[in-house]
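User: I've got a model open and I'd like to go through the reasoning behind its labels. Can you take me through it?

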Amino acid sequence: MQRNKTIDYYLDLIEKLDLPAYWKRTQYINLFIIDKQFKTFRSGLFHSYTPLSLKRNRLLMKGISFFCQRKNYTIASKFYEFQIKAFSNQKKDQIDFTGKDPMIPQMVLAPLSACQNINLLDLCDSNIGSPCDLFRLNGKNYTYELLEKRIRAQAILDNMNLNRSEIDIILEIGGSYGLQLEVLMKLLPNCRAINIETPSQAFAAYKYLTKALPNKKIIGSHEVMDGELPQEYDVLILDISKTHLINKLNGEGKISLGINQRSFQEMEWDFTESYLRNFTKLCIPEIFLWEMREGHPAVPHANRSTREKYIKALSKSYIIAKEYLEYSRGGKNYDLYNFKLK
């Protein structure tokens, strides 16, 4: 890749961080993809996350992803099978699948059965990065990943105590390249957001959100060089070496919502617990976690992040106000947990 100050920052950061060798390699590969192949990074090239405990096993690493396993199937028949009226009110509506590699839509279609009265097609996919799960409906672009994020955004809007006008900052830990924050900021145009991620994902979020939200002020981690938070931003992206900076938000804004999706479950508990302590220190009014109930099987059993541990770690400051099964797959349960400050 062509060296410049921005790339040098993330390359140096990857080298300095205490990460397993295989994970560093993944970070380097991701950084190259975002720098040189950004136009196609969503076509299956970009690797979201690998559990810290996962050993050097390519077969195992290949099986770990935020996405379901992918198979060939008829897109339209799957929608009709689940009778999702929100997507197709008339049989003549045709879904034109244009993606290269369709994924099983279970993680999207199952929650949709409870959301048929909500217009979940109000946001279209940007098509930035050539997503592999792209399809067209009524002449508009959508992806299963976008619909998943739209459903989760609706879960936040339906369950939070705050009025939309009261939300100041949304903090997402592990927001990958920023699709969930893009959705939330389009639904809540007056809010701000902070995304904390690993180096290559932080760089990806900066590049993606700069294009997906062209009218917003996006500040990348490489632009936060003096140990102080910027005074003005719409989206602030911090790499994991700068997590401590969120404690400087006093007087500069208040975090209203804390979010994690499917990455706490893949961490050893010590790492997850440290992030939860950040949530409690900041007295965030509401926390939304989408996690595997029993913890990720790639993590040793005693160190897994599980439902019981989330509840116990937050119990001094939070009550679990809402929880439900989002979907089950392969004998594993994927839940939503909504914690509210006491």
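Analyst: Sure. Let's begin inside: I156 touches L184, L257, I259, F288 and W290, leaving out residues up to four places away in sequence. Keep in mind that this is a predicted model.

User: What makes those count as touching I156?

Analyst: The test is heavy atoms within 4.5 Å. L184, L257, I259, F288 and W290 touch I156 by that test. I156 also belongs to the largest nonpolar core, which has 58 residues, and is listed with F41, I170, Y208 and V235 as touching the most other members.

User: What makes a set of residues a nonpolar core?

Analyst: The members have to be buried residues of the nonpolar kinds, such as Ile, Phe, Tyr and Val, joined through side-chain atoms within 4.5 Å. There's also a second, separate core of 30 residues, with L245, L249, L276 and Y318 among them. As background, nonpolar side chains tend to be buried together in soluble globular proteins.

User: Why is L171 called buried?

Analyst: Its relative accessible area is 0%, and the cut-off for buried is under 20%, so L171 qualifies. L171 sits in strand 4. Leaving aside neighbours within four places in sequence, L171 is in contact with ten residues' worth of surroundings that include I194, I196, L257, I259 and F279.

User: Which way do the side chains of strand 4 point?

Analyst: I169, L171 and I173 point one way, while I170 and E172 point the other, and all are buried. That fits the general pattern: in a regular strand the side chains alternate between the two faces of the sheet. Since five of the five residues of strand 4 are buried, the strand is largely enclosed by the rest of the structure.

User: How do you know how strand 4 and strand 5 are paired?

Analyst: Two strands pair if there are at least two bridges between them. Strand 4 and strand 5 have five, in the parallel sense, so they pass. Within that pairing, I173 stands opposite I196 of strand 5.

User: What about N195 in strand 5, buried or exposed?

Analyst: Buried: N195 has 0% relative accessibility, against a cut-off of under 20%. Apart from neighbours within four places in sequence, the contacts of N195 include E172, G174, S176, L181, A205 and L238.

User: What makes helix 7 largely enclosed?

Analyst: Eight of its nine residues are buried, which is why helix 7 is described that way. The buried ones are L179, Q180, L181, E182, V183, L184, M185 and L187. They pack against helix 6 (144–159), strand 4, strand 5, helix 8 (199–212), strand 7 and strand 8. Helix 7 (residues 179–187) lies across strands 4, 5, 7 and 8, running at about 175° to strand 5.

User: Does another helix sit on the sheet, and which strands does helix 10 touch?

Analyst: Helix 10 (residues 307–314) packs on the sheet and touches strand 9, strand 10 and strand 11. The direction of helix 10 makes about 10° with that of strand 11.

User: Why are strand 6 and strand 10 called edges?

Analyst: Each has a single partner strand, so one side of each is left without a neighbour in the sheet. The open sheet has eight strands in the order 6-7-5-4-8-9-11-10, with mixed pairing. On the antiparallel side of that mix, seven bridges join strand 9 (residues 286–292) to strand 11 (residues 332–341), and E286 stands opposite K340.

User: Why is C283 called partly exposed?

Analyst: C283 has 41% relative accessibility. Buried needs under 20% and exposed needs over 50%, so C283 falls in between. C132, at 3%, counts as buried.

User: How many disulfides does the structure have?

Analyst: Zero, from a search of the whole structure. A pair would need cysteine sulfur atoms within 2.5 Å.

User: What makes Y275 buried?

Analyst: Its relative accessible area is 12%, and that is under the 20% cut-off. Y275 is found in helix 9 (residues 269–281), and its contacts beyond four places in sequence are I173, I240, T243, F264 and M267.

Terms used
Residues numbered from 1 in each chain as written. Predicted model: local features only at pLDDT ≥ 70, side-chain atom pairs only at ≥ 80, totals over all residues. Heavy atoms only, no water. Buried < 20%, exposed > 50% of the residue type's maximum accessible area, 1.4 Å probe, protein only. Helix = DSSP H or I, 4+ residues; strand = E, 2+ residues; numbered from the N terminus. Axes fitted to C-alpha atoms, helices over the stretch in contact; angles between N-to-C directions.
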